[in-house]
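Open the model in your viewer and keep the selection tool at hand. This tour moves from one stop to the next.

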Amino acid sequence: MTGQPTRGAVDEVGSAIGTADRSADRPDSGAIGTRPPLAVRVLRRYRVEVVIAVAIVLIELLLGAFKSVALTNGNLTNIAQAAAPLIILAYAQLLVMVTGGIDLSVGSTFSLAGVATAAALPHHGVVGAVLIGLGVGAATGCFNGFCVGVLGIAPFIATLITFSVNASLAFVVAGGNSKPVLSHTFVSIQQGHIGTVANYVVYVIALLLLIEFVFLRLTFGRWLFAVGSNEEAARLLGVPSRTVKLAAYTLCGVLSAFAAILSIAYLQDAEVTAGNGLELEAIAAVVIGGASLSGGVGSAFGAFVGALLVTVIQNGVDLLGINSFYNGTVTGAVILVAVLLERVSRGSDGTRVRRLRDIVLRRLRAT
Amino acid sequence: MSTAECTSTSASPTSSPVLEVRDVIKDFGGTRALNGVRLTVHSGEIHAVLGANGAGKSTLLGIIAGTLAPDSGDVALTADDATTASSVAIVHQELSLLPNLSIAENVCPQEALFGRGGISRQRRARQRAATALRSLESGLERQLDKPVADLPLDKRELVEIARGLCSGSRIILLDEPTSPLNDTQVEHLFATLRTMADAGVAVVIVSHRLSEVRRVASVATVIRDGRTVLDRCRLSSVTNDELAEEMIGRSVERTLASYRASDSERTIGSEQLLRIHHAASDRSLEVRSGEVVGIASLTPDDARQVVRYAWGVAGGRELKLEVFGRATRRWTPRRAARAGVAYVSGDRKRDALFADLDLRDNVMTPRRTIQPQPWLRREVSSAVAAMREFNVKAASVFDLPGSLSGGNQQKMVFAAWLALGGRVLLLDDPTRGVDVDAKNEIYKRVRAVVTRGGGALWSSSDTEELAQVCDRVIVVRGAQPLAELEGDAITEASIVTTMNQGETA
């Protein structure tokens with residue numbers, strides 16, 4: 001670890017200050033360093049996320065009131081299966097977005113990794129195919145991370161390159177057609193069960209917990225946030241910001257490929273254009289979940305509920321018999337509402353929105 | 001010069017140097033930032049490093065911190081064999097915080113960000129942060145989980161200082177730590193620094209405020225043009241004037257010269273330029289033609305917010321603003337500027353400079369906004385004229401503002417606005433991080449505008465400055481005017497006393 005201060009010196013003056021403090025003899029001196037109760041901390045940290053989760057439940061109940069199909073086991077399973085790849089893509093995007101970056105290539109990496117895995121399946125077996133798929137993702141992410149972290153190219157531009165390259169390579173690999181997925185073993189990656197829980201649910205939840213753990217407990221996770229918060233300051237503190245970015249983009253690529261593997265196992269077919277537009281849906285999901293495009297803010301729980309909300313809304317549009325061409329319009333409206341909500345709940349930079357809220361509240365109180 | 005008489009000084013004979021900078025030379029491109037600078041710091045002392053802007057203080061700090069490599073000469077740390085980066089803690093002038101991370105993580109990054117074995121040690125970070133914050137009496141130890149982005153400027157500076165304390169380094173360097181702080185906060189900081197020095201920590205403090213430095217430091221080193229001109233001088237043996245002289249290399253008109261109009265020269269007109277009315281208390285704050293009105297507050301941010309309110313950028317729902325006797329509605333900077341108001345902020349990087357645009361663009365942008373013309377005409381000559389008028393030292397108007405020293409950047413901002421001929425100046429800590437020379441120039445120019453029938457509303461965290469330049473000083477808390485000082489009743493002491501009375505009232 002670079003820049004870590006020597007521990008001996010740290011403890012010495014730490015105790016020098018401590019002595020001065022003990023002489024002040026404050027009764028509450030022990031209490032201040034301790035944390036508020038877990039439930040309070042969780043609610044405080046995940047305010048936006050909890051609101052979105054509640055919104056999802058309300059939307060489902062409302063849909064169920066109009067269309068009884070909505071709340072059937074079948075439909076909920078459909079939502080979960082369709083949401084799983086998007087949620088994982090949102091995790092991928094999140095890793096990059098907390099560093100203050102953006103990855104436009106996750107969609108075309110998704111396409112390329114999908115067709116590459118499907119193409120490799122008949123020749124290299126399930127394990128080989130999966131490794132090839134993940135390898136494609138890792139290579140793409142590594143390239144992005146190298147361009148952004150080491151060469152200092154703007155994330156938007158660096159990932160625009162891989163966006164374009166991977167979309168075209170997907171056509172090259174697939175020869176223009178979709179690739180069928182015929183292996184049962186491979187399909188069971190997605191369809192299998194652990195106990196009574198479907199594999200895809202396990203992946204999504206396990207990744208959620210893993211990413212939150214990394215974000216909050218590991219130094220690497222704190223580095224992601226530090227770099228996204230103020231890269232220069234992070235570097236001055238000794239955070240290896242280049243390596244951090246390289247790792248973030250690489251992990252993003254690997255997760256995108258994993259999402260593709262789940263998706264082709266679900267559909268039993270690898271479409272060349274499967275990932276078209278998914279990068280934007282993933283960004284939308286992450287933003288709905290409360291992450292900031294400028295970095296330093298975001299949670300895996302947020303990405304999870306964001307992606308779930310996007311899927312639930314698409315499902316609702318579908319069930320209500322609305323032309324699916326309106327999907328994007330509805331998603332847009334949801335992003336707008338989510339962002340406004342977030343600005344109201346946050347303090348400092350939401351002044352204008354808060355003023356609007358105050359006016360509304362005053363009117364309400366007056367009536 | 002007086003160097004010889006000063007070298008005899010040292011701290012207690014038992015102490016030994018923990019940090020020695022020997023004859024360091026550092027070039028940036030063609031310019032020599034450091035030219036054989038020397039600095040010797042002993043353990044357990046509070047050591048002031050003084051120098052005008054562009055003297056090379058920041059470069060020196062960078063070299064001590066290890067972020068810059070010297071071209072020749074060396075930095076020796078004799079405390080232990082630790083590396084430079086970890087045994088020296090630097091509290092930066094440019095806030096180097098992580099805004100989205102919590103206070104605890106910012107104060108104690110070595111636990112929160114580095115931890116042990118790849119695991120972040122949040123609990124330890126919180127405990128150590130609480131200890132450091134409590135020693136500064138900041139009150140922040142109760143909000144350890146709050147993101148730093150939500151804190152006002154003075155609290156952020158305290159977080160940064162607490163980080164220095166928490167680092168446990170044997171040498172702590174503070175770069176202008178007091179500028180955003182109020183006097184109580186400064187007192188607590190100084191008390192903490194004394195405690196640390198007593199515990200054997202070497203404290204180096206870089207500051208422009210001579211009288212403040214004197215209160216805490218015992219030894220001073222003065223740097224000018226990248227060279228040490230006074231080496232380890234005992235502060236009790238020199239006057240502020242002598243120090244200022246060494247800093248700028250020639251005698252100035254007395255540093256603390258008053259820029260206040262004398263009673264005979266005072267031509268305060270009857271014209272009311274600006275009036276801010278505080279509805280709840282029914283008190284108001286006025287600026288009339290011919291006067292410089294200072295605005296002071298215990299929390300510097302309060303005064304600053306009032307000035308920004310008059311410029312149409314800060315809230316103030318409880319305030320009413322009249323400009324040139326007319327009530328304003330939906331006040332915005334654009335309307336303010338068109339009405340003949342100018343705003344100069346000391347936070348140049350955030351509020352005034354376009355770092356990627358050349359000087360011409362920077363100087364002409366106010367005019368382009370206020371007096372728009374269908375196409376850009378005579379811009380270069382206008383920009384050159386405005387900059388010459390204000391004596392801005394720049395090689396070319398096609399340079400970027402980053403190539404200027406802080407003082408010249410600030411003079412350029414003034415030049416841009418004063419060229420528009422506005423009569424009301426809103427000055428928001430306008431000399432922050434500016435050298436003595438540029439300050440005097442700015443004081444003179446503002447006085448000139450005011451003498452021609454203009455008026456200025458001047459907020460400053462530096463009470464010494466307010467005492468020097470203001471005809472009236474109004475003390476506020478929140479947005480409420482509390483008390484007023486006028487003419488010769490304005491001294492640094494009286495302002496400080498009034499501010500503190502305001503707090504208890």
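How many residues does helix α13 of chain A have, and how far does α13(A) reach from its first C-alpha to its last? Select residues 300-319 of chain A to see. This is a predicted model. Helix α13(A) has 20 residues and reaches 28 Å, close to the 28 Å expected at 1.5 Å a residue.

Now show the surroundings of this helix. Is α13(A) mostly covered or mostly uncovered? It is mostly covered, with 15 of its 20 residues buried. Step past its end to Gly321(A), which follows the helix and has a positive phi, near 75 degrees.

Zoom out to the whole of chain A. Colour by secondary structure: there are 15 helices and four strands. Of the 367 residues in this chain, 44% count as buried. Turn on contacts between residues at least 6 apart in sequence; 76% of these join residues at least 24 apart.

Move to chain B and colour by domain. The domain assignment gives domain 1 as 1-79 + 170-252, domain 2 as 98-168 and domain 3 as 272-504. Select domains 2 and 3 of chain B: their C-alpha centres lie 34 Å apart.

Next, pick out six strands of chain B. In what order do they lie in the open sheet? The order is β15-β16-β17-β12-β18-β19, and the pairing is mixed. Go to the edges: β15 (341-345) and β19 of chain B each pair on one side only. Look at how the strands are turned. Neighbours in this sheet differ by 20 degrees on average, direction ignored.

Add residues 300-310 of chain B, which form helix α11. This helix packs on the sheet and touches β12 (292-296), β16 (424-428), β17 (455-459) and β18 of chain B. Compare directions: that of α11(B) makes about 145 degrees with that of β17(B).

Finish at β18 (residues 472-477) and β19 (residues 480-486) of chain B. These strands run antiparallel and are joined by six bridges. Which residue of β19(B) is the bridge partner of Arg472(B)? Select Glu486(B) to see that partner. Then follow the pair of strands to Arg477(B), which stands opposite Gln480(B) in β19(B).

Last, click on the turn. The hairpin of β18(B) and β19(B) has two residues between the strands. Gly478(B) takes a positive phi there, near 60 degrees.

Terms used. Residues are numbered from 1 along each chain as its sequence is written. Chains are lettered from A and ligands numbered from 1 in the order in which they are written. This is a predicted model: local features need pLDDT of at least 70, side-chain atom pairs count only at pLDDT 80 or more; totals for chains, interfaces and linings use all residues. Domain bounds come from an automatic or database domain assignment. Two strands pair if DSSP finds at least two bridges between them. Axes are lines fitted to C-alpha atoms, for helices over the stretch in contact, and angles run from 0 to 180 degrees between N-to-C directions. Two residues are in contact if their C-beta atoms, placed from the backbone, lie within 7 Å. The expected span of a helix is 1.5 Å times one less than its number of residues. A residue is buried if 20 or more other C-beta atoms lie within 10 Å of its own, exposed if 12 or fewer, and partly exposed in between; C-beta atoms are placed from the backbone.
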